Amino acid sequence: TFWACLACEQTTKTKGAASDGGVEAARGRRVSKRREKGGQVGLLEIFESQEPSDAVYDFAKRHNLDLTQQRSLLDSICQSLTCTRREALLFSVPVDLGDSKAVDFQLFQDTEPADAVHEFVKKNHLHANYYSAMMRRVCDAQAVKCSRTEPVIWKKTVNIDNKWEAHIEILRGQEPAD
């Protein structure tokens, strides 16, 4: 059994679509997402055992939808279906903590891998060597994009003369004076 949704852009009128351009979801119904100019994007199927955020992420990636379109589609779907999270799960792996205990490391969309791995290692009191090994494994995953190798260890937004905001980040290994 699956969930399928009909999602239309705000300016598209499609039979069966909500008047606000939202999503209509029903069990066992196959319908498609349409582009603003009326061209069909594709069929989005969400199975009962599947998290909607993961299905929407995969659909958006396959059909080159941007982040705004992806979030809009997910927002509409979550009005009709139960969504337990808003970010797609990109990577998950059990990590052996010793004493026959394992904890899942999970990386979600819009999370920098270096920061997530750093927090996981710190939270679970793991040896620093875990960080390097986990980063290699995470960054080798096809669905993951690693933009840096070191985590942010300090950040602050500074207001300058009530006109500008400066975002300051210090990565592990950087000197604050730099």
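Is Gly-42 buried or exposed, and at what relative accessibility? At 11% relative accessibility, Gly-42 counts as buried, where buried means under 20% relative accessible area, exposed means over 50%, and partly exposed lies in between, with a 1.4 Å probe and protein chains only. Gly-42 belongs to strand β4, residues 40–43. Its C-alpha lies 9.2 Å from that of Arg-62, and the two are 20 residues apart in sequence.

Colleagues, a word on the source. This is a predicted model, in which local features need pLDDT of at least 70 and side-chain atom pairs count only at pLDDT 80 or more, while totals for chains, interfaces and linings use all residues. Residues are numbered from 1 along each chain as its sequence is written, and side-chain values use heavy atoms, with hydrogens and water left out.

I turn to confidence. The mean pLDDT, the predictor's confidence in each residue from 0 to 100, is 80 for the protein, and 77% of the residues score at least 70. Among the elements, helix α3 (residues 113–123) has the highest mean, 97, and strand β2 (residues 23–27) the lowest, 45. Over residues 1–32 the pLDDT stays under 50, and the model has 84 contacts beyond four places in sequence for that stretch; a contact means heavy atoms within 4.5 Å.

Next, the overall architecture. There are four helices and nine strands, where helices (H or I, at least four residues) and strands (E, at least two) are DSSP runs numbered from the N terminus. Their order from the N terminus is β-β-β-β-β-α-α-β-β-α-α-β-β. Of the 178 residues in the protein, 36% are buried. Among contacts between residues at least 6 apart in sequence, 43% join residues at least 24 apart.

Now the interior. The largest nonpolar core has 20 residues, and Phe-91, Phe-105 and Val-117 have the most contacts inside it. Such a core is a set of buried Ala, Val, Leu, Ile, Met, Phe, Trp, Tyr and Cys residues joined through side-chain atoms within 4.5 Å. Strands β6 (89–98) and β7 (101–108), with helices α3 and α4 (128–140), are the elements that give two or more residues to this core. Helix α3 gives the most, with five residues. Beyond its neighbours within four places in sequence, Val-117 contacts Phe-105, Tyr-131, Met-134, Met-135 and Val-138. A second, separate core of 13 residues includes Leu-44, Ile-46, Leu-65 and Ile-77.

Ile-77 brings us to helix α2, where Gln-70, Leu-73, Leu-74, Ser-76 and Cys-78 are buried as well. The helix covers residues 67–78, 12 in number, and reaches 16 Å from first C-alpha to last, close to the 16 Å expected at 1.5 Å a residue; the expected span is 1.5 Å times one less than the number of residues. Asp-66 caps its N-terminal end, with a side-chain oxygen 3.1 Å from the backbone nitrogen of Thr-68. Why does Gln-70 count as buried? Gln-70 does so because its relative accessibility is 9%. Leaving out residues up to four places away, Gln-70 touches Val-56, Tyr-57, Ala-60 and Gln-109.

Finally, two loop residues. Most residues other than glycine have a negative phi. Ser-100, in the loop between β6 and β7, has a positive phi of about 60°, and is exposed at 83% relative accessible area. Asp-161, in the loop between β8 (152–160) and β9 (164–171), has a positive phi near 50° and is exposed at 61%.

Terms used
A polar contact is a pair of N or O atoms within 3.5 Å; within protein, one must be able to donate a hydrogen and the other to accept it, and residues adjacent in sequence count only if both atoms are side-chain atoms.
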